[in-house]
Amino acid sequence: MKKTVKTLTQYPAWKALAAHSKQIKKRHLRELFAEDAKRGKQFTTGGAGLFLDYSKNRITAKTLKLLLQLTKEAGLRGKIDAMFSGKKINVTENRAVLHIALRAPKNARILVDGKNVVPDVHAVLGKMSAFSDRVRSGKWKGFTGKRIKNIVNVGIGGSDLGPVMAYEALKHYSDRRLTFRFVSNVDGIDFVEATHDLDPAETLFVISSKTFTTLETMTNAQSARDWLLKGMGGNVKAVAKHFVAVSTNVEKVSAFGIDTANMFGFWDWVGGRYSMDSAIGLSTMLAIGPKGFQAMLAGFHEMDEHFRTAPFEENLPALLGLLTVWNTDFLGAETVAVLPYEQYLKRFPAYLQQLTMESNGKHVTLDGKKVDYATGPVYWGEPGTNGQHSFYQLIHQGTRLIPCDFIAFAHALTPLGRHHDILLANVFAQAEALAFGKTAAEVKAEGTADALVPHRVFEGNRPSNTILAKKLTPEILGKLVALYEHSVFTQGVIWNVDSFDQWGVELGKVLAQRIVPELENKNEPQLKHDSSTNNLIRHYRKMKGKA
């Protein structure tokens, strides 16, 4: 007889959570805290240098027990072991998922198809370190003999979002003698503005594209090459002194004019959105130096080990992932706001958008069956306190349930008077206000006119997590990124989706390649799109004077 495989919604824990959620929806965090004086400590945990307070989620001990039971029924522990052992858990591409190998120590042993990949990882890291030392020390000279002062990273998606986020996050530790710019958008404005005040003789481009064929990246790379040659009198020999590549395509890198000795590789078991600690992070290493980069890798690895070994009731990434499943599938939340109270982390929410939504924005299970539950909430956010004066209004008094992740640090990297205490007071106050709100009785007691009372009521009962660390360092940044990487993995395992492919990115790219010649052709093209797309193309051509 054929064995019947249970779907997620048939798991006993899922059914129990669905029934339990009907009761929880009737409860308010004010009641839950009033009933348990120890709640503020009970639902907290720490690990790998981070502290997580998740007590302001709409959960009880029973909720947590059922969520932990769900991990057993979904086989989370076995899936973690499979990832760390190099199993090909990216099933649609038949690939291992080993971003964890990028930060493994030299003595680690991680096999892919019977080969230990760790020595290859450290060989690339060594090559990156040697190159970074040459550039940072001034030993690497441009074509005219001038020292390199400007680094321009050219990439898109994971080849841009990780490096630019890390640079901004760790700017405090960067070499301020070097200027860093990042070009990703195929909109020419991005390239023009990034280079308008730079001297080609002092500029090094890092072209990041695994295949060296990505349309946006290679369009920008070609413009960078043209810009350099224009400033160098057209001498193509200059390219090798002002361009390096993060790629695996030796032939195309060489044809571009880049010395393949200055080509830094990575592997198909590293997804783009998981690659900031691979050679894709070359610009990061150039900014903070090899020691800083190694410290970041050590932070990644410490969180990896915490995720791999800690029991799930004390496991930060697992808890964060389970709470996201709870809020999304049982309380109806559709988004998660990530709110770092640290200006250096201003690009962290944008980075997480790709990490989370490209990973779990899926509508079918691993075996290709359409899901009948919600997956992949929208992640978004801005640094505090700026967000308080824009979108927090909707979070506090709007009609949508928006769970929030607050991220804060005990010590400021740039202490300035009372600033940091005021900043942290806002973190704690916002989480408190979201949880407990303000009742109509409390508003009236303040002497508010009856007509205004409804406008000043805060319902509260809005869930949040607060993540605290001592100080933002390269090591802590690695831990934060790994925290969310493994939270995403936890969610994907529960939802039974492939968190490591991204087929949804492909269709628009393919169609764009077809449309480009239809826009550029001097003669009227034969259009075979839908009537709307055909009309838009014709209208564009008319506006360009090509009709």
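Is Arg-181 buried, exposed or partly exposed, and what is its relative accessible area? Keep that residue in mind while you move through this predicted model, since the tour comes back to Arg-181 at its last pair.

**The largest pocket**

Begin by displaying the largest pocket, whose volume comes to about 850 Å³. To centre the view, select Thr-214, Gly-272, Gln-502, Glu-506 and Lys-509, which are the closest to the centre of this pocket among the 37 residues that line it. Then show helix 7 (158-169), helix 9 (215-231), helix 14 (348-360) and helix 20 (506-520), for these are the elements that each contribute two or more residues to the lining. If you colour the lining by residue class, you should find 16 polar residues, 11 nonpolar ones and 10 that are charged.

**A buried pair and its network**

Side chains of opposite charge can pair when their charged atoms come close. The model has a count of 21 salt bridges, and a good one to select next is that between Arg-103 and Glu-485, where the closest N and O atoms lie 2.7 Å apart. This pair links distant parts of the chain, with Arg-103 in the loop between helix 5 (76-84) and strand 3 (111-112) and Glu-485 in helix 19 (residues 474-495), a separation of 382 residues. Both Arg-103 and Glu-485 are buried, so a surface display may hide them, because buried here means under 20% relative accessible area. Now add Asp-277 and Asp-304 to the selection, as salt bridges with shared partners join these two with Arg-103 and Glu-485 into one network.

**Two partly exposed pairs**

Move next to Asp-120 and Lys-115, which form a salt bridge whose closest N and O atoms are 2.9 Å apart. Asp-120 is partly exposed at a relative accessible area of 28%, and Lys-115 is likewise partly exposed, with a value of 47%.

Finally, select Asp-197 and Arg-181, whose side chains meet in a salt bridge with an N to O distance of 2.9 Å. Here too the pair links distant parts of the chain, although the residues are 16 apart: Asp-197 sits in the loop between helix 8 (188-195) and strand 7 (203-208), whereas Arg-181 belongs to strand 6 (residues 179-183). Asp-197 counts as partly exposed, with a relative accessibility of 47%. As for the opening question, Arg-181 is partly exposed, because its relative accessible area is 21% and the buried class requires a value under 20%.

Definitions and conventions
Residues numbered from 1 in each chain as written. Predicted model: local features only at pLDDT ≥ 70, side-chain atom pairs only at ≥ 80, totals over all residues. Heavy atoms only, no water. 1 Å grid on protein atoms, 1.4 Å probe; cavity = no way out; pocket = protein on both sides within 12 Å on 5 of 7 lines; lining within 4 Å. Points joined across faces, edges and corners; volume = space filled by probe spheres on them. Helix = DSSP H or I, 4+ residues; strand = E, 2+ residues; numbered from the N terminus. Nonpolar A, V, L, I, M, F, W, Y, C, P; charged D, E, K, R; others polar. Salt bridge = Lys/Arg side-chain N within 4 Å of Asp/Glu carboxyl O. Buried < 20%, exposed > 50% of the residue type's maximum accessible area, 1.4 Å probe, protein only.
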